[in-house]
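Student: I'd love to walk through this model with you. Could we start with the ligand and then look at the chain around it?

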Amino acid sequence: MCGIVGYIGEEQAAPVLLEGLGKLEYRGYDSAGVAVHNDSGLHVVKSKGRLAVLEEILHKGETLPGTVGIGHTRWATHGAPSDVNSHPQVSDGGTFAVVHNGIIENYLYLKNHLKRRGVEFVSDTDTEVVAQMLEYYYSRNGEGPDPVLAAIKQVTDRVEGSYALGIICADCPEKVFAVRKDSPLIVGLGDRENFIASDVTAILSRTRRICRLKDREIAVLERDGASFFDGDLYPIEKPEETVEWDVAAAEKGGYEHFMMKEICEQPEALRKTISPRIREGRIQLDDIPLSREDIQGISRIFIVACGTSYHVGAVAKYAFEKLLRLPIEVDVASEFRYRDPILDEKTLVIIISQSGETADTLAALREAKRQGARTLSIVNVVGSTIANESDGVLYTWAGPEIAVASTKAYSTQLAMIYLIALYMVQELGVLPEEELAGYVEALEELPQMAARCLEEGKEAIQYFAAQYFNAGDMYFIGRNVDYAASLEASLKLKEISYIHSEAYTGGELKHGPISLIEDGVLVIAICTYGKLFDKMMANIREVKARGAVVLGIGTEDMRSKLAQETDWQFCVPKVPDFMLPSMSILPLQLFAYYVASMKGCDIDKPRNLAKSVTVE
Ligand code: G6P
């Protein structure tokens, strides 16, 4: 939610900031702005609307001279999208310009406090409070050793909530300041130029050397370097990291949309996630300390996540329960954190997050740790907060996922779940060797199965989408793992095409939803799970009897049976039961994509959504 960037160097800042914001637009895109320092002081240009609107105003940055600046792309939390609520927010006297990602929870209290002291506010944002407080304390700090740093500390001592802040001060034309708590922020170190950014994609084309700020740490960027301070303003050393991500991975590479690029990257992403972890037929999870004794000591597993990552949890429940016969609970993080879950040291909490920064998921992780549970996270973004704070982290090697609708992260998270479940089975020895070997082999073959499925799916699904892209409602049904896949398929469709869709278990249909079925309504029935195939056929007959048109997604061996009951069919390669969602989701990701494309929707940046939800 919201992306921030900052630059100090020898080039003009505005074009560099705009380029960085372009890479962060997935984090929010209802308004954008930049503030640049030049000989005549701080200059702010901001506007409601996409970054393209700001670029137009600034003629790609050429009309705003200056080599020091900060920028922001917004996903509104406090105050509707508008010019005045856009960032940067500037203090009353014009001394500070601030960009912010996060939420200042006690902003109203602080705002009223300042108002009583004569400070005038112009926006509805929580961020303006930070700018105004900075000026308020700075103007009272006098000539101390570093009055700006002192003001930053006074502000961070008082604000509650989450923040990543980029700050410039009219009286310090050669500095950019940054501080964070619970919202992501990195510092990029270049050659006579330095950066701040919400994530590495924003600066990858300029440097791979980064430092990560911990909570309440402050960075001060100058042209020749960066200095760091802890929350009490003591100087600290920060280790430097080198980012390995390929720059091209964060570009569209000839595809019209990131989403299609990322759908097509799934076989390769699966290979990168799976193959280094299987050696000579055995699963090796070198990255986490989970010995046989540790696994034997686990009495219950919780899986906690949001959005698409939660839907991975829904599949994981079936996989773990089938393979391990252990009780599994799957929770959305925003519920888990407030429902006072019963946890102890025998509980393993698996946290799933693409970004590693989702606020509710992070809070759930902290709650699990507070109660003494063991925590293991499945994360895509290396070095993210969730990755850093978990007892163990397993990375999905999907590379940067830019499209808001998650595809390759989902697939690689699923693969990681299979790896963990099979690793536990292997260590505990609870399955016959041949059975386990069969599963491991199937897992190794998953990337090529996915490639085949996508190859066959593209044309067929595009044709099918062309028949139904005007539909008002769609329903997805499935049983067992197919139900878990239905949840994700339905979410994909609604988030990017804005078509109302819902997912139900086949058995639950008759308890309500069937009343919505009438002539011509499209029902997508996922029927890959062989054990309940006949039950699904019965459900299909029920909806067809009420006028529904049915697309059946089945496995290749069931093609002719499926064709007898459904109007349209698409068949996926047969894989072990608990891995079936890895196949069935592929044509349905394509379906969502083509429907949205035919409707002319903004596929990579759907309305009201953001890729990384770092506010509660
Ligand atoms: C947002 C994104 C979803 C994502 C969810 C969880 O809602 O739009 O695509 O699944 O956050 O994000 P995470 O990074 O924790 O997996």
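Tutor: Happy to! First, a term we need: a molecule sits in a pocket if more than half of its atoms lie within 2 Å of the pocket's grid points. Keep in mind, too, that this is a predicted model.

Student: Which pocket does the ligand sit in?

Tutor: The criterion to apply is that more than half of the atoms lie within 2 Å of the grid points. By that test, the ligand sits in the second largest pocket.

Student: Which helix gives the largest share of the shell around the ligand?

Tutor: The shell has four nonpolar, eight polar and one charged residues. Among the 13 residues around the ligand, Ser309, Ser353, Gln354, Ser355 and Thr358 come nearest. The largest share, three residues, comes from residues 307-324, which form helix H9.

Student: What is the distance from an oxygen atom of the ligand to the side chain of serine 355?

Tutor: Let's take the backbone contacts beforehand. A ligand oxygen atom lies 3.0 Å from a backbone N or O atom of threonine 308, and for a backbone N or O atom of valine 404 the distance to a ligand oxygen is 3.2 Å. For serine 355, the distance between a side-chain N or O atom and an oxygen atom of the ligand is 2.6 Å.

Student: How much of the area that the ligand exposes alone does the protein bury?

Tutor: Taken alone, the ligand exposes 390 Å². Of that area, the protein buries 90%.

Student: What distance separates the centres of domain 1 and domain 3?

Tutor: The protein chain is divided into domain 1 (3-243), domain 2 (250-431) and domain 3 (455-602). Taken over C-alpha atoms, the centres of domain 1 and domain 3 are separated by 46 Å.

Terms used: Residues numbered from 1 in each chain as written. Predicted model: local features only at pLDDT ≥ 70, side-chain atom pairs only at ≥ 80, totals over all residues. Heavy atoms only, no water. Near = heavy atom within 4 Å. Polar contact = N/O pair within 3.5 Å; in protein donor to acceptor, adjacent residues only side chain to side chain. Areas by Shrake-Rupley, 256 points an atom, 1.4 Å probe, with all protein chains shown as cover. 1 Å grid on protein atoms, 1.4 Å probe; cavity = no way out; pocket = protein on both sides within 12 Å on 5 of 7 lines; lining within 4 Å. Helix = DSSP H or I, 4+ residues; strand = E, 2+ residues; numbered from the N terminus. Nonpolar A, V, L, I, M, F, W, Y, C, P; charged D, E, K, R; others polar. Domains from an automatic or database assignment.
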